[in-house]
Amino acid sequence: MKLLGILLFLLVGCGESPFLNDEGELRSVQAVESELYLKDSEVSINTFWQEGPYVFDESKILIILQGSNGTTYREEISFKVKLWMPGMGHGSFPVTLEKIADGVFLASEVFFTMPGYWDIHFQVFDGEALKEEVKWGLEL
Amino acid sequence: MGTRALIILAFLFSGRAYAGACCGAVGAGLSSMILGDFKSVYNFSYTNTGVSHDAMASGDILRRSGDTQEVFEGLVFSGAHLVSTYWQLGVNIPIRLNTFNSNTTSESSIGIGDISAQVTYEFLPELSYSAWKPKGFLYFSQTLPTGGSVYESKKPLATDAVGRGFYRSAAGVVFVKVVGEYDFLGSLEASYEIKRSFDSTVLNKSFNSKELSSTSISVTPGFGASSVISFGYSPKNIGFRFGSSINYRYRSGRKIEFKNEVSHAFSMGLLNLGLNMSYIHELTSFNLSFIDDSFFGTAKNMALAKTIGLSVSQFIDL
């Protein structure tokens, strides 16, 4: 019985523990604006959080594509957004893209399913083939 | 001869729900096996796992906001049967209910998880009294991807990922020793999950369309390892056992192959603490357990949870 008590004590006394001391910090996320550039298509991508970024809840991103002349991109483009968590090796439910106006898109159903580092991939397709992409990294 | 302790030890390793809809089990631990002198054992358990922290790839551990609730419940039936003096066969059938609630989102799914079968050989039987020599078991288990994985998920928060999604083969060794009112157990396991291709809906939705299309990806989870150290105390004549266990699990990072690129995820690791209490009446045991993934503050790249388990085990004598 003494041996059991000593072993239990050693276990409890083994350094700091988020459980026993209720340490750890609450996660907080920050809205981020960023400019990204698709080199081959000569398109700048400007992103603005309409909602979020949230972990677990739905986020929405307003995406404005700018051509090389500084105006919104007016040409036809096969554009997709993909969410990927490289450290975990999985993505998230596919994003819905809605065209608001020429070169202006609203990405909804953006679900970050866990905290951590995410890559938002902005992809341009030529038919079924991926033509080019640029990644926007976020730590949530 | 420490029969009660061995009854309880069999429960400890009969499966639990694992945190993380994305990732399922990081090492399945030990399947149910007969550790004492019985013909069969049947176990029915319920576990409730609530995610409380997230361990980053850096090893930093952060507490989850109280606004969200991610809960995994498991109902598991497991059984083992002695087919000859030293050989036994076992099976593990889980049902999993995943629930997620936040301020604005609510989602839940239920389904059959990954079913596993196991063959065990007692290579170190206790044929005569020894003060120090333990019983030893070797086992091999095979898990089938009967539960859906995160790569097949069709829900935004992936609660329908009730399994890992891979064929998993594992081999391990278990040593058990009962000394008077005390029992001790140690185990080691190595596992491998083979490469599998998915038509994943997580990557592709047609532009301006709510219809999901799929993209083929290949995922290779790779190797894993786990170990358990457990000890318990069964005071004489009261029918109770009080125990504690320390569990370590490791899994290598997944390799994901898309059409045009290859991505490598980080490895995962966890050291957790388990406490349990059992009551035995004849050949039936009632068990209560608690597992805390965040107790030691040692984890990497995974969600951490607290698990409560209740189970009933019925043993059949030889």
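## Strands and pairing in chains A and B

In chain A, 51% of the contacts between residues at least 6 apart in sequence join residues at least 24 apart. The model is predicted.

**Chain A overall.** Chain A has 2 helices and 9 strands. Along the sequence they run α-α-β-β-β-β-β-β-β-β-β. Chain A has 140 residues, and 50% of them count as buried. Its accessible surface is about 7,000 Å². Carbon and sulfur atoms account for 51% of that surface.

**The open sheet of chain A.** Four strands of chain A form an open sheet, ordered β5-β4-β8-β9, with antiparallel pairing. Its edge strands are β5 (90–91) and β9 (129–139), each paired on one side only. Strands in a sheet pair through backbone hydrogen bonds.

**Two β4–β5 pairs.** Chain A and chain B each have a pairing between strands numbered β4 and β5. The table sets out both.

| Pair | β4 residues | Sense | Bridges | A bridge partner pair |
|---|---|---|---|---|
| β4(A) and β5(A) | 78–85 | antiparallel | 2 bridges | A:Met85 and A:His90 |
| β4(B) and β5(B) | 87–101 | antiparallel | 7 bridges | B:Arg96 and B:Gly111 |

**Strand β5 of chain B.** How many residues does the hairpin from β4(B) to β5(B) pass through? The hairpin connects them through 4 residues. Strand β5 of chain B spans residues 106–112. On its covered face are B:Glu107, B:Ser109 and B:Gly111. The uncovered face holds B:Ser106, B:Ser108, B:Ile110 and B:Ile112. B:Gly111 is thus listed on the covered face, and B:Gly111 is also the bridge partner of B:Arg96.

Technical notes: Residues are numbered from 1 along each chain as its sequence is written. Chains are lettered from A and ligands numbered from 1 in the order in which they are written. This is a predicted model: local features need pLDDT of at least 70, side-chain atom pairs count only at pLDDT 80 or more; totals for chains, interfaces and linings use all residues. Side-chain values use heavy atoms; hydrogens and water are left out. Buried means under 20% relative accessible area, exposed over 50%, partly exposed in between (1.4 Å probe, protein chains only). Contact means heavy atoms within 4.5 Å. Accessible areas come from the Shrake-Rupley method with a 1.4 Å probe; for residues, only the protein chains shown count as cover. Two strands pair if DSSP finds at least two bridges between them.
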